[in-house]
Amino acid sequence: MILIADSGSTKTDWCVAEHGKQVQQVVTNGINPFFQSEEEISREIRSTLLPELKTPIFDALYFYGAGCLPEKIPMMRQALGKDINVKQIEVNSDMLAAAHGLSGKNPGIICIMGTGSNSCYYDGEKIADNVSPLGFILGDEGSGAVLGKLLVGDMLKNQLPAGLKEKFLQQFNLTPGIIIERVYRQPFPNRFLASLSPFLAQNLQESAIRDLVLNAFQSFLNRNVKQYDYKTNPVHFAGSVAYYYREILEEAIRECGMQLGAIVQSPMEGLVKYFDL
């Protein structure tokens, strides 16, 4: 019996698997060792994961997560091992989760587009090249957080059609002052901004909104994916943004002359198969 976790900044998908089949799935808040302490991570596991698990003992735990940089892995293993009864713990980046889940043992370009965004070239065994995503302030092009940031910026600077600003503020029960407070003074501004991005999906009939999303995706492809050998490798995508904006993403891929691979909301199904190979 193994436990697999795929964690982004907003949510963590946990899967109990045995002999290549999913036995149980649990969803908790996102766990990110770049932003959270060992105690905060341990508390999240105790309060939201452990009460839901049908079995408390595992042969192995494979945790893939955003923010799982090499220097953060020892702390992450310590936090996981405090409360989960497991013989073996492996911690890797969420990029490797997407690579294993989308491409298995085949090479390809792997992209994540959720609350944040990231990309890499996967050679079939390991991540061979990675353009740093830089986070939602300096990078993360095409992510939910950046889509939300672009939306709010255009909205508050009156760059979108009349009526959309009022519609947006009313729908989310926001004021310009509350937005500034949430972005600059409260924790996890990336989650807050990403939570606003569904407004774009609901208003894609507006040309300004559709252009905003298309330009964001083209920026992601131009600034990240084009640094890999995209002419001979398929480009795979995981994440809610890629999944729900699939039509516009496919348009951006075509315009950039790339070969589209798979688009999935979560790589978990592929991960379960990967560990049964």
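These legends walk through several close-up views of one predicted protein model.

The model is predicted, so local features need pLDDT of at least 70 and side-chain atom pairs count only at pLDDT 80 or more, while totals for chains, interfaces and linings use all residues. Residues are numbered from 1 along each chain as its sequence is written, and side-chain values use heavy atoms, with hydrogens and water left out.

**Figure 1. The whole chain, with 13 helices and 10 strands.**
Let us start with the full picture before zooming in. Helices (H or I, at least four residues) and strands (E, at least two) are DSSP runs, numbered from the N terminus. Along the principal axes, the C-alpha atoms fill a box of roughly 60 × 45 × 30 Å. The radius of gyration is taken over C-alpha atoms, and the globule rule is 2.2 Å times the number of residues to the power 0.38. For 277 residues, a compact globule would have a value near 19 Å, and the chain agrees, with 19 Å.

**Figure 2. Inside and outside of the chain, where 49% of the 277 residues are buried.**
Buried means under 20% relative accessible area, exposed means over 50%, and partly exposed is in between (1.4 Å probe, protein chains only). The accessible surface comes to about 13100 Å², and carbon and sulfur atoms own 49% of that surface. Accessible areas come from the Shrake-Rupley method with a 1.4 Å probe; for residues, only the protein chains shown count as cover. A contact means heavy atoms within 4.5 Å. Among contacts between residues at least 6 apart in sequence, 65% join residues at least 24 apart.

**Figure 3. A salt bridge between two strands, Lys-87 with Asp-59.**
A salt bridge is a side-chain nitrogen of Lys or Arg within 4 Å of a carboxyl oxygen of Asp or Glu. The structure holds 13 of these. In the pair shown here, the closest N and O atoms of Lys-87 and Asp-59 are 3.4 Å apart. This pair links distant parts of the chain, 28 residues apart: Lys-87 belongs to strand 5 (residues 85–93) and Asp-59 to strand 4 (residues 57–65). Lys-87 counts as exposed, at 72% relative accessibility, whereas Asp-59 is partly exposed, at 37%.

**Figure 4. A salt bridge within helix 12, Glu-250 with Arg-246.**
Here the closest N and O atoms are 2.8 Å apart. Glu-250 and Arg-246 are 4 residues apart in helix 12 (residues 246–255), which means that about one helical turn separates them. Glu-250 is partly exposed, with 23% relative accessibility, and Arg-246 is partly exposed, with 34%.

**Figure 5. Another salt bridge, Arg-185 with Glu-181, and a network.**
The closest N and O atoms of Arg-185 and Glu-181 are 3.6 Å apart. Arg-185 is exposed, with a relative accessible area of 59%, while Glu-181 is partly exposed, at 30%. Elsewhere, salt bridges link Glu-38, Glu-39, Arg-46, Lys-82 and Asp-83 in a network.

**Figure 6. Helix 3, largely enclosed by the rest of the structure.**
Look for residues 94–103: 10 of the 10 residues of this helix are buried, so the rest of the structure largely encloses it. The buried residues include Asp-94, Met-95, His-100 and Ser-103. Just after helix 3 comes Gly-104, which takes a positive phi of about 60 degrees.

**Figure 7. Two loop residues with positive phi, Asp-140 and Asn-158.**
Asp-140 is a residue other than glycine, yet its phi is near 55 degrees, a positive value. You will find Asp-140 in the loop between helix 4 (135–138) and helix 5 (144–156). Asp-140 is buried, with a relative accessible area of 9%. Asn-158 is not a glycine either, and has a positive phi of about 60 degrees. Asn-158 sits in the loop between helix 5 and helix 6 (164–171), and counts as exposed at 56% relative accessibility.

**Figure 8. Asp-123 in the loop between strand 7 and strand 8.**
Strand 7 covers residues 117–122 and strand 8 covers 127–129. Asp-123 is partly exposed, at 27% relative accessibility. Leaving aside residues up to four places away in sequence, Asp-123 touches Pro-107 and Ala-128. Asp-123 and Arg-46 are 77 residues apart in sequence, and their C-alpha atoms are 37 Å apart in space.
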